[in-house]
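Visitor: I would like a close look at one part of this protein, the aromatic rings that sit together, and then at how the rest of the chain is laid out around that part. Please keep it plain.

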Amino acid sequence: MTGVADSATGKTLELLSAPVGINAQLAAIASGTGALLAEVGAKQMMAQNVAIELAERSSEVQYPAVHVYCERLSNSQREKFRTFSGKAQMAVEVRYSQDRLEGIEGRVRGYADAVARVLEGSLGDWGDGMFYGGGYDVAFGAVKRGGRNFVQVARVTFEVEVSRS
């Protein structure tokens, strides 16, 4: 089953880093609202489920950071004689930090909006037995100490249908 989680995580990262991915969506948001949101570099996007505190202690973290991971797999065996036929619950965490409290929530909402726009443009067949039918949830965490003084996380969760032999 780890292959399913790794494939879904890899495909999500691929969509976010594509030419029409998160950075293109950030540019579209900036042109529409005038809000300046920094691009997310390749080193800032990672397939990792790690707490902010641990990430900051173990390596130098650059913000904004995007963490993509599979939260849960559910093999419902809807298609008999398949090894895996079910859902992968995915999570994309956008972590943003700055030295001032003012404006942090608006920026985090902008990054979450960019992730949502990538998902909205990625409906349908993802290949390799994965299908995204739409729908997602966004949860905004409270501002905490960390990063460059203050850090906030937006968490976008969604399900991917997976069918593997």
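**The aromatic cluster and its setting**

Guide: W126 and F158 are both buried; each has a relative accessible area under 20%, the cut-off for that word. The model is a predicted one, and every value here is computed from it. Y132 is also buried, as is its partner W126. Together, W126, Y132 and F158 make up one aromatic cluster.

The pairs are worth taking one at a time. Across the protein, the count of aromatic pairs is 4. In one of them, the ring centres of W126 and Y132 are 5.7 Å apart and the planes meet at 40 degrees, so this pair is classed as tilted. In another, W126 and F158 have ring centres 6.3 Å apart and planes at 65 degrees, which makes the pair edge-to-face. The angle decides the class here, because planes over 60 degrees apart count as edge-to-face, while those under 30 count as stacked and the rest as tilted. W126 belongs to strand β4, residues 124-127, and F158 to strand β8, residues 149-164, so their pairing ties together parts that lie 32 residues apart in sequence.

Just beyond W126 in the numbering is D128, in the loop that runs between β4 and β5, the latter covering residues 130-132. The backbone at D128 has a positive phi of about 55 degrees, although D128 is not a glycine. Q77 has the same kind of feature: a positive phi of about 55 degrees in a residue other than glycine. Its setting is the loop between β2 and β3. At 25% relative accessibility, Q77 is counted as partly exposed.

The strands on either side of that loop carry further details. F84 lies in strand β3, which covers residues 84-98. With a relative accessible area of 2%, F84 is buried. The C-alpha atoms of F84 and S74 are 8.8 Å apart in space, with their positions 10 residues apart in sequence. Ahead of β2 (65-75) comes a loop that follows α3 (52-58), and P64 is placed in it. The peptide bond that joins Y63 to P64 is cis, with omega at about 0 degrees.

Now the wider frame. The protein has 4 helices and 8 strands, which follow one another from the N terminus as α-α-β-α-β-β-α-β-β-β-β-β. Of the contacts with a separation of 6 or more, 64% are between residues 24 or more positions apart. The pair of W126 and F158, at 32 residues apart, spans a separation of that kind.

As for overall dimensions, the C-alpha trace spans about 55 × 35 × 25 Å along its principal axes. The radius of gyration is 16 Å, which agrees with the value near 15 Å for a compact globule of 165 residues. Of those 165 residues, 42% are buried. The exposed surface comes to about 8,800 Å², and 50% of that is supplied by carbon and sulfur atoms. Charged side chains number 18 positive and 19 negative, and the centres of the two sets are 2 Å apart.

To return to the part you asked about: the cluster consists of W126, Y132 and F158, with W126 tilted against Y132 and edge-to-face with F158.

Terms used: Residues numbered from 1 in each chain as written. Predicted model: local features only at pLDDT ≥ 70, side-chain atom pairs only at ≥ 80, totals over all residues. Heavy atoms only, no water. Helix = DSSP H or I, 4+ residues; strand = E, 2+ residues; numbered from the N terminus. Rg over C-alpha atoms; globule rule 2.2 N^0.38 Å. Buried < 20%, exposed > 50% of the residue type's maximum accessible area, 1.4 Å probe, protein only. Contact = heavy atoms within 4.5 Å. Areas by Shrake-Rupley, 256 points an atom, 1.4 Å probe, with all protein chains shown as cover. Lys, Arg positive; Asp, Glu negative; His and termini not counted. Charge placed at Lys NZ, Arg CZ, Asp CG, Glu CD. Phe/Tyr/Trp six-rings, centres within 6.5 Å; stacked < 30°, edge-to-face > 60°.
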